[in-house]
Structure formats: structure tokens, C-alpha cells
Amino acid sequence: MALSWKARRRWSLLILLVGLPAYIVVAVTLVDWLDRPPFAVELLVYVVLGIVWALPFRAVFRGVGQKDPDTG
């Protein structure tokens with residue numbers, strides 16, 4: 001079942017306010033476990049992790065910035 005616009009909007013807010021900060025902590029911890037790699041490797045890890053976190057949530061974020069389509 002597809003999520004309604006209102007549900008997607010609420011989920012996106014929850015993901016951005018709770019999930020993203022938690023993911024940032026996990027990403028920083030992961031890089032810390034690598035014991036300070038060279039700058040290029042560290043930057044690459046952050047860029048990849050910065051893109052990867054949003055991929056599963058594409059459907060949730062799609063269209064939430066637009067006007068509610070159900071209100072004609």
C-alpha cells in the first residue's frame with residue numbers, strides 16, 4: 001500500500017529529525033574506527049555514506065515539498 005502525502009510528509013520529518021542525526025553519528029564512528037585514514041579516503045567515505053543514506057527513502061521524500069495533491 002502506498003503512503004498518503006500526509007504520511008510521507010510525517011515520515012520524512014521523522015527521518016530528517018531523528019534518523020539523519022543518528023546516521024551521522026554512525027558515519028563518524030565508522031570513520032573513527034578506520035583510525036584516521038588519509039584525507040582523500042575519509043572524504044570518499046563521507047561522500048558515499050552521504051549519498052547512500054537517502055537511497056532507501058527516495059519514495060518517502062518524493063513530492064513532500066509540493067502542495068497536497070488531494071486538496072485540488
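Ring pairs link Trp53, Phe57 and Phe61 into a cluster, and this cluster is a convenient place to begin a description of the structure, which is a predicted model. The structure holds three aromatic pairs. In one of them, the ring centres of Trp53 and Phe57 lie 6.3 Å apart and the ring planes meet at 50°, so the pair is classed as tilted. In another, Trp53 is paired with Phe61, with 6.1 Å between the ring centres and 80° between the planes, and because planes over 60 degrees apart count as edge-to-face, this pair is given that name.

The three residues of the cluster can also be described by how much of their surface is accessible. Trp53 has a relative accessibility of 18% and therefore counts as buried, since the limit for that class is under 20%. Phe57, at 29% relative accessibility, counts as partly exposed, and Phe61, at 23%, is likewise assigned to the partly exposed class.

The chain as a whole contains three helices and zero strands, and the order of these elements along the sequence follows the pattern α-α-α. The radius of gyration of the chain is 16 Å, which is well over the 11 Å that the globule rule gives for 72 residues, so the chain is more spread out than a compact globule. Along its principal axes, the C-alpha trace spans about 55 × 20 × 20 Å. Of the 72 residues in the chain, 19% are buried, and the accessible surface comes to about 5800 Å², with 71% of that area belonging to carbon and sulfur atoms. The chain carries 8 positive and 5 negative charges, and the mean positions of these two groups are 15 Å apart.

Contacts between residues that are distant in sequence were also considered. Among contacts that join residues at least 6 apart in sequence, 69% link residues that are at least 24 apart. Individual residues of helix α1, which covers residues 5-33, illustrate how such separations appear in the model. Ser12 is found in this helix and, with a relative accessibility of 5%, counts as buried. When residues up to four places away in sequence are left out, Ser12 touches Val60, Phe61 and Val64, and Phe61 in this list is also a member of the aromatic cluster described above.

Arg9 is likewise placed in helix α1, but its relative accessibility is 41%, and Arg9 therefore counts as partly exposed. The C-alpha atoms of Arg9 and Phe61 are separated by 7.5 Å, although the two residues stand 52 residues apart along the chain. Again leaving out residues up to four places away in sequence, Arg9 touches Val64 and Gln66, and Val64 is also among the residues touched by Ser12.

A further example comes from the part of the chain that follows the helix α3, which covers residues 58-61. Lys67 is found in the segment after this helix, and with a relative accessible area of 61% the residue is exposed, because the exposed class begins over 50%. The C-alpha atoms of Lys67 and Trp5 are separated by 9.4 Å, while the two residues lie 62 residues apart along the chain.

Technical notes. Residues numbered from 1 in each chain as written. Predicted model: local features only at pLDDT ≥ 70, side-chain atom pairs only at ≥ 80, totals over all residues. Heavy atoms only, no water. Helix = DSSP H or I, 4+ residues; strand = E, 2+ residues; numbered from the N terminus. Rg over C-alpha atoms; globule rule 2.2 N^0.38 Å. Buried < 20%, exposed > 50% of the residue type's maximum accessible area, 1.4 Å probe, protein only. Contact = heavy atoms within 4.5 Å. Areas by Shrake-Rupley, 256 points an atom, 1.4 Å probe, with all protein chains shown as cover. Lys, Arg positive; Asp, Glu negative; His and termini not counted. Charge placed at Lys NZ, Arg CZ, Asp CG, Glu CD. Phe/Tyr/Trp six-rings, centres within 6.5 Å; stacked < 30°, edge-to-face > 60°.
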